[in-house]
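Reader: I am in my first year and still learning how to look at a protein model. Could you take me slowly through one part of this one, the place where aromatic rings meet?

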Amino acid sequence: MRMTSIAVALVASSLAGAALAAGNLAGQEPIVVAVDLGKPGQHSFVPNKLRFETGKLYKLVLNNPSNDPHYFTSHGFTQLIFTRKVQVVQTRDGKTTTLAEFKGAIREIEVYPGQTAEWWFVPVATGRVTDLRCGIVGKDGKSHADHGMLGEIVIE
């Protein structure tokens, strides 16, 4: 009986160590995924289909090369991820500098013309959402989503 208890303790101990090592999601190198929010004169997400995997750390780089501000909004997506942080970054003299960092629940990010934001997150549930959109309304009274700024996100 004593030998069985020792064997069970050793197996449990080694499994607990493996769980701790595999469970340190914040210690991973992030997988970088870049998305352009619009182009001059065009409302679109490029790419407009994003794919992620649960348990991996991502750095979603949201660039806005257009002349208009744009939202990256997907309430379905935010229900499937854990946000580690969002950073506002700027490139100065060829070096990226972090200007601000936000933590906690993030529902949408607005990126101004010529600017970049980084959304660091870990997907925690699988699903497919089709509610990625830019809700900014233009001078014509239509949203950027009405002009085609829509997208899909799949988490496997």
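Author: In this predicted model, a good place to start is F77, which is buried because its relative accessible area is 0%, under the 20% that marks the limit. F72 is buried as well, with a relative accessible area of 0%. The ring centres of F72 and F77 lie 6.4 Å apart and their planes stand at 75°, so this pair counts as edge-to-face. Both residues belong to one aromatic cluster, whose other members are F45, F52, Y58, W119 and F121.

From there we can turn to the strands that carry another pair from this cluster. Six strands form an open sheet with mixed pairing, in the order β2-β1-β4-β9-β6-β7. At the edges stand β2 (42-46) and β7 (95-102), each with a single partner strand, so one side of each has no neighbour in the sheet. On average, neighbouring strands of this sheet are turned by 25° against each other, if direction is ignored.

Within the sheet, strand β4 (residues 58-63) runs antiparallel to strand β9 (residues 116-123), and six bridges join them. Here Y58 stands opposite F121 in β9. The structure has 10 aromatic pairs by the ring-centre rule, and one of them is formed by Y58 and F121, which are stacked at 5.6 Å centre to centre with 20° between the planes. This pair links distant parts of the chain, since Y58 in strand β4 and F121 in strand β9 are 63 residues apart. Y58 is buried, with a relative accessible area of 4%, and F121 is buried too, at 0%.

Technical notes. Residues numbered from 1 in each chain as written. Predicted model: local features only at pLDDT ≥ 70, side-chain atom pairs only at ≥ 80, totals over all residues. Heavy atoms only, no water. Pairing = 2+ DSSP bridges. Helix = DSSP H or I, 4+ residues; strand = E, 2+ residues; numbered from the N terminus. Axes fitted to C-alpha atoms, helices over the stretch in contact; angles between N-to-C directions. Phe/Tyr/Trp six-rings, centres within 6.5 Å; stacked < 30°, edge-to-face > 60°. Buried < 20%, exposed > 50% of the residue type's maximum accessible area, 1.4 Å probe, protein only.
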